[in-house]
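Here are a few exercises to work through with the model open on your screen. Try each task yourself before reading the solution.

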Amino acid sequence: MRSRQILSACGLSVALCLSAAAVRADTPATATAATEGDYVIRDFHFASGETLPELRLHFTVLGKPRRDSHGRINNAVLILHGTGGSGRSLLNEHFAGVLFGKGQLLDSNRYFIILPDGIGHGKSSKPSDGLHARFPQYSYADMVAAHHALVLQDLQVDHLRLVMGTSMGCMHTFMWGETYPDFMDALMPLACLPVQIAGRNRVWRDLLMDAIRTDPEWLQGEYKSEPVTGLRAAAGLLLIAGSAPIQMQLALPTRDAADQFVKKYMERQLEDLDANDLLYQVGASRDYDPSPGLGNIKVPLWQVNSGDDFINPPELAIAEREIKRVKDAHFVLLPASDQTHGHGTHTWAALWQQYLAQLLQASQHPAD
């Protein structure tokens with residue numbers, strides 16, 4: 001996992017980012033080994049009207065598909081990562097180590113777990129591959145459509161036991177439930193809101209993108225070296241957005257500790273961040289708004305947010321209001337504590353796995 005995966009990794013715990021080594025997705029002990037692959041979609045059409053002759057989607061899988069007596073795969077689980085992350089970024093001790101091991105809720109001996117990289121992320125096609133700012137302006141709708149093609153056409157999975165996602169993947173989970181309402185048995189969105197991105201959440205994203213675009217070294221995306229001034233501002237905004245106040249205070253109890261952390265943090269991020277990739281990743285949320293279609297979701301849904309989430313502040317009470325429009329849904333707000341990790345609580349499965357257990361039970365079929 002590259003250190004630029006801020007919202008998915010560093011944002012989940014300041015304590016993790018304090019280590020001298022870059023944050024990485026060391027594969028924990030799971031029931032089965034992870035394998036990786038690529039699927040190339042020819043002549044992919046984006047919602048913007050642009051096309052790409054070849055769209056590469058990278059993915060990681062654990063376990064094997066299992067078919068029921070009717071020949072339908074009934075054990076596939078799709079898990080979607082956050083902004084700047086990758087499928088492999090979820091193979092860490094706090095997520096995979098709690099969920100995928102022997103006897104755990106998503107035991108990979110029992111389930112076929114699919115961890116794709118979104119467009120513009122990980123090892124999937126992205127601007128930094130060479131097209132730079134000429135890469136198609138992908139949106140969340142394109143990312144969901146591409147993953148559907150990966151699951152259905154390449155992996156030959158025509159039904160999912162569960163769709164679950166963190167942060168950006170949380171938003172994609174709502175979109176999956178509306179766009180393909182009969183394709184899954186259950187949905188678990190973690191750390192997002194099912195409305196368009198507005199208010200402070202939109203403002204900090206605008207500030208991040210403006211910081212990069214107004215850097216004279218950006219050169220309309222055709223820079224020879226990274227626009228460091230813009231990236232420094234962007235990295236700072238990402239850090240604050242993904243931070244956890246209690247964890248940060250515990251980890252950085254003095255001004256000297258805080259100052260030293262910022263210095264090391266910036267050094268790490270500026271080594272790996274790519275300005276165009278980051279612009280596209282953050283900009284892809286521009287037209288996200290599942291609120292009009294929430295009533296179309298057919299399957300049981302459990303949503304979990306945390307009380308110390310800067311990106312989805314609980315005082316707005318938006319999730320509680322909107323979840324009532326979903327036929328069979330529950331919303332859980334985890335109180336802020338020294339156990340939660342801000343927006344990144346989505347990756348600490350021990351804090352919310354009890355609700356995943358209830359969701360799997362509620363959506364269980366006799367053949368499971």
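**Exercise 1.** Does W176 count as buried or exposed?

*Solution.* First, a word on what you're looking at: this is a predicted model, where local features need pLDDT of at least 70, side-chain atom pairs count only at pLDDT 80 or more, and totals for chains, interfaces and linings use all residues. Residues are numbered from 1 along each chain as its sequence is written, and side-chain values use heavy atoms, with hydrogens and water left out.

Now the cut-offs: buried means under 20% relative accessible area, exposed over 50%, and partly exposed in between (1.4 Å probe, protein chains only). W176 comes in at 0% relative accessibility, so buried is the verdict.

**Exercise 2.** Find the disulfide and work out which parts of the chain it ties together.

*Solution.* Step one is to know what to look for: a disulfide here is a pair of cysteine sulfur atoms within 2.5 Å. The structure holds 1 disulfide, and its partners are C170 and C192, with 2.0 Å from S to S.

Step two, place the two ends. Helices (H or I, at least four residues) and strands (E, at least two) are DSSP runs, numbered from the N terminus. C170 belongs to helix α4 (residues 168-179), while C192 is in the loop between β6 (187-190) and α5 (199-213), so the bond ties together parts 22 residues apart in sequence.

Step three, check the handedness and the surroundings. The S-S torsion of C170 and C192 is about -65°, so this disulfide is left-handed. C170 is buried at 0% relative accessible area, and C192 is buried too, at 1%.

**Exercise 3.** Classify the ring pair Y140 and Y288.

*Solution.* Start with the rules: rings of Phe, Tyr and Trp (its six-membered ring) pair if their centres lie within 6.5 Å; planes under 30 degrees apart count as stacked, over 60 as edge-to-face and the rest as tilted. By that rule the structure holds 12 aromatic pairs.

For Y140 and Y288, the centres are 5.9 Å apart and the planes sit at 65°, so call the pair edge-to-face. This pair links distant parts of the chain, 148 residues apart: Y140 is in helix α3 (residues 140-154) and Y288 in the loop between α9 (275-283) and β7 (301-306). Y140 and Y288 are both buried.

Now go back to W176: its ring and that of Y180 have centres 5.1 Å apart and planes at 55°, so that pair is tilted. Elsewhere, ring pairs join F95, F100 and W352 into a cluster.

**Exercise 4.** How do α5 and α6 pack, and how does α6 cross α8?

*Solution.* Axes are lines fitted to C-alpha atoms, for helices over the stretch in contact, and angles run from 0 to 180 degrees between N-to-C directions. Angles under 35 degrees count as roughly parallel, over 145 as roughly antiparallel, 65 to 115 as roughly perpendicular and the rest as oblique.

Take α5 and α6: their axes are 7 Å apart at an angle of about 160°, and the two are therefore roughly antiparallel.

Next, α6 (residues 228-242) and α8 (residues 255-272) have axes that come within 10 Å and cross at roughly 120°. That makes α6 oblique to α8.

For handedness, a crossing is left-handed if the near helix is turned anticlockwise from the far one by less than a right angle, and right-handed if clockwise. The α5 and α6 crossing is left-handed, whereas α6 passes α8 in a right-handed one.
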